[in-house]
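Please open the structure in your viewer and keep the sequence panel beside it. The tour below moves from one selection to the next and says what can be found at each stop.

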Amino acid sequence: MRLSKGVKLQTTDGQVDTLVVENDLAMARISLFGGHVLSYIPHSDARDRLWMSGNAILDGSKAIRGGIPICWPWFGDHPSGNFPAHGYVRTQQWQVVGCEDQSIGTIVKLKPESALGAGLDGELDLLLTITVGEVLTLELTTTNIGANALAFGAALHSYFDIEDIGLTELRGLNGEFLDKTESYASKVTPEVYLFQKETDNVHLSPVTHTVIHTPKFDVDVESMGHDSIVVWNPWIEKSTAMADMKDDSYRSMLCVEAAITQGKTLAAGEQHSLIQTIQ
Ligand code: BG6
């Protein structure tokens, strides 16, 4: 079913419903399960910027491993209770609330069926605006529609396709970070940021521009409205333990996430946008 000139809804039995977006500049696939971008391929070089696990579960029974999961309204473990890691909207059905074909690209607006869920102690509204053009832009807008101030967390948990983690360098970050693999030990970002082991780093960083540098290409990632950039690669033991990752697939992916890990408090009626652009 066509929703606009550039957007087609694709349904397949037993698989998540998907929007196929295609215009003069790029194509993208977006799963309505999770409001989850699965792929983004600019026509300029026909290379998918996003990584998708060969073992990803695409029947809507589990969060999808790869692409851009939306973590909300908390990042990682819930701050106080026993609720699903990274919140509940990545495993929820989302609805299309707008599609526009413009000269900068196709703009798709999505909302989860309900932004309210167990573990959220208040009332927030959520809107995801995805622009598929020469650049991919995700804007996650949170509004406090309740009567009291409320804190939330979030991440645009992007998985990038990088060919070989051993030949990949992350540029742009500096200062201290917290190493989750060593109980949040505080460390200094190396001058040359390479990957030789499991990496789960929270950079409490105001840096907006990062570059994933590989021998064959660079990927430019801009973040806004974040308090952290999270850098994650599970390495071999964890990918072997994860049913939705192939044993060696950690070699071809790197997550660079625009995140709110510290909790962002919104006053009643206040709105916040977390943005990531990918080129
Ligand atoms: C990262 C976290 O953002 O996501 C990691 O920092 C976590 O600690 C990773 O392991 C993947 O999370 P999940 O829930 O998708 O397996």
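Which residues are around the ligand? Before selecting them, keep in mind that this is a predicted model. The residues to pick are Arg65, Phe75, His86, Arg90, His157, Lys180, Asp200, Val230, Trp232 and Glu257, which together are the ones around the ligand. If you also display the pockets, you will find that the ligand sits in the largest pocket.

**Contacts of the ligand**

With the ligand still in view, show the side chain of Arg65, where an N or O atom is 3.0 Å from an oxygen atom of the ligand. Move next to His157, which has a polar side-chain atom 2.8 Å from an oxygen atom of the ligand, and then to Glu257, where the corresponding distance from a polar side-chain atom to an oxygen atom of the ligand is 2.9 Å. Taken on its own, the ligand has 400 Å² of accessible area, and the protein covers 79% of that.

**Strand E11 and its partners**

Now select residues 150–156, which form strand E11, a strand that is mostly covered, with 6 of its 7 residues buried. Which strands are joined to E11? One of them is E6, made of residues 70–71, which runs antiparallel to E11 and is joined to it by 2 bridges; to see this pairing, display Ile70, which stands opposite Leu156 of E11. Another is E20, residues 253–266, which also runs antiparallel to E11 and is linked to it by 6 bridges, and here the pair to display is Phe152 and Lys264, the latter in E20, standing opposite each other. As you follow a strand, it helps to know that in a regular strand the side chains alternate between the two faces of the sheet.

**Thr142 and Ala147**

Go next to strand E10, residues 136–144, and pick out Thr142 within it. Is Thr142 buried or exposed? Thr142 counts as buried because its relative accessible area is 1%, which is under the 20% limit for that word. Its side chain is joined to the side chain of Trp72 by a polar contact of 3.0 Å.

From there, continue along the chain into the loop between E10 and E11, where Ala147 is found. Ala147 has a relative accessible area of 72% and is therefore exposed, since the word applies over 50%. If you draw a line from the C-alpha atom of Ala147 to that of Glu198, a residue 51 positions away along the chain, the line spans 42 Å.

**Ser223**

The next selection is strand E18, residues 218–224, in which Ser223 has its place. With a relative accessibility of 1%, Ser223 is counted as buried. The C-alpha atom of Ser223 is 27 Å from that of Gly117, and the two residues are 106 residues apart along the chain.

**Thr189**

For the last stop, select the loop between strand E15 (185–188) and strand E16 (199–203), where Thr189 is placed. Although it belongs to a loop, Thr189 is buried, because its relative accessible area is 9%. What does the side chain of Thr189 reach at 2.6 Å? Show the backbone of Gly175, whose oxygen is the atom reached by that side chain, and then show the side chain of His203, with which the side chain of Thr189 makes a polar contact of 3.5 Å.

Key. Residues numbered from 1 in each chain as written. Predicted model: local features only at pLDDT ≥ 70, side-chain atom pairs only at ≥ 80, totals over all residues. Heavy atoms only, no water. Buried < 20%, exposed > 50% of the residue type's maximum accessible area, 1.4 Å probe, protein only. Helix = DSSP H or I, 4+ residues; strand = E, 2+ residues; numbered from the N terminus. Pairing = 2+ DSSP bridges. Near = heavy atom within 4 Å. Polar contact = N/O pair within 3.5 Å; in protein donor to acceptor, adjacent residues only side chain to side chain. Areas by Shrake-Rupley, 256 points an atom, 1.4 Å probe, with all protein chains shown as cover. 1 Å grid on protein atoms, 1.4 Å probe; cavity = no way out; pocket = protein on both sides within 12 Å on 5 of 7 lines; lining within 4 Å. Sits in = over half its atoms within 2 Å of the grid points.
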